[in-house]
Amino acid sequence: MEPTGTGEGSPPPDPITIERSLQVEPEKKTAQTEAEQTAPAEEKAPAAPEKEEKAAEKKSKKPKKNKEVEALEEQLAGCRQENSDLNDRLLRLRAEYDNFRKRSTKEKEGMFTDGVASALSQMVVVLDNLERAVDACQEDSDLKTGVEMTLKQFREVLEKMGVSEINPVGESFDAQLHNAVMHVEDETLGESQVVEVFQKGYLLGERVIRYAMVKVAN
């Protein structure tokens, strides 16, 4: 066997071998350079999946926006319903208040009318006594003249207050205005005809202050 060492006794290197080794080194460098140049391309390759991920994120965000819009729409619908309910309550309160105001006004008017009617029912008793005084006075006396003047003035005041007499002699009996205290049979008179008035009645407008006390025929 030939010695393989590189000592002093070894043969000198072959020129062909040296040339081949020199050719191989540039090839290695070229391959290394190409690898380095292709490496960034390979590193950039994952950019496509990143874009896909971003697109997926955008798509995933769209439903979120839709959910937010839906939530706002639901909230808006709730506010509209609440507004409608409040409007209904307001209209009902207005109607109730209007009815209350009208009822209160009517009650006040009724209370006033009741008070006036109650006072007038006592005043007509005085009127009856003045009429009796006139009948009891002597003719052409100063007393009778004074009582007649007082009676006339009293009647004028009552008329201004809306008071009118119920004096139904010769009229048909009306239970809404008359109080029959006596009954008589008389063929010369009509049916349910008022024959005599024992006590005059009085009206305040259309309201009866005092019923007329009468005698009725047939």
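This report covers the nonpolar cores, a surface patch and the cysteines of a predicted model.

## The largest core

The largest nonpolar core holds 15 residues. Leu120, Leu127, Leu158, Val163, Tyr202, Leu204 and Ile209 touch the most other members. Three elements each give two or more residues to this core: α2 (47–136), α3 (142–160) and β4 (201–204). Helix α2 gives the most, with seven residues.

Leu127 shows some of the packing in detail. Setting aside neighbours within four places in sequence, Leu127 is in contact with Leu151, Phe154, Arg155, Leu158 and Tyr202.

## A second core

Another core lies apart from the largest one. This other core has seven residues, including Ile166, Leu203, Ala212 and Val216. In soluble globular proteins, nonpolar side chains tend to be buried together.

## A nonpolar patch on the surface

Some nonpolar side chains form a patch on the surface. Val181, Met182 and Phe198 make this patch, which covers about 260 Å². Phe198 belongs to strand β3, residues 193–199. Its relative accessible area is 37%, so Phe198 counts as partly exposed. That value passes the cut-off for patch members, which is over 30%.

## Cysteines

How many disulfides does the model have? The count comes to zero. A disulfide is a covalent bond between the sulfur atoms of two cysteines. The rule used here asks for a pair of cysteine sulfur atoms within 2.5 Å.

Two cysteines can be described by their exposure. Cys79 is partly exposed, at 42% relative accessible area. Cys137 is buried, at 14%.

Terms used: Residues are numbered from 1 along each chain as its sequence is written. This is a predicted model: local features need pLDDT of at least 70, side-chain atom pairs count only at pLDDT 80 or more; totals for chains, interfaces and linings use all residues. Side-chain values use heavy atoms; hydrogens and water are left out. Patches are made of residues with over 30% relative accessible area and no salt bridge: like charges are joined within 9 Å, nonpolar side chains (Val, Leu, Ile, Met, Phe, Trp, Tyr) within 5 Å. Accessible areas come from the Shrake-Rupley method with a 1.4 Å probe; for residues, only the protein chains shown count as cover. A salt bridge is a side-chain nitrogen of Lys or Arg within 4 Å of a carboxyl oxygen of Asp or Glu. Helices (H or I, at least four residues) and strands (E, at least two) are DSSP runs, numbered from the N terminus. Buried means under 20% relative accessible area, exposed over 50%, partly exposed in between (1.4 Å probe, protein chains only). A nonpolar core is a set of buried Ala, Val, Leu, Ile, Met, Phe, Trp, Tyr and Cys residues joined through side-chain atoms within 4.5 Å. Contact means heavy atoms within 4.5 Å.
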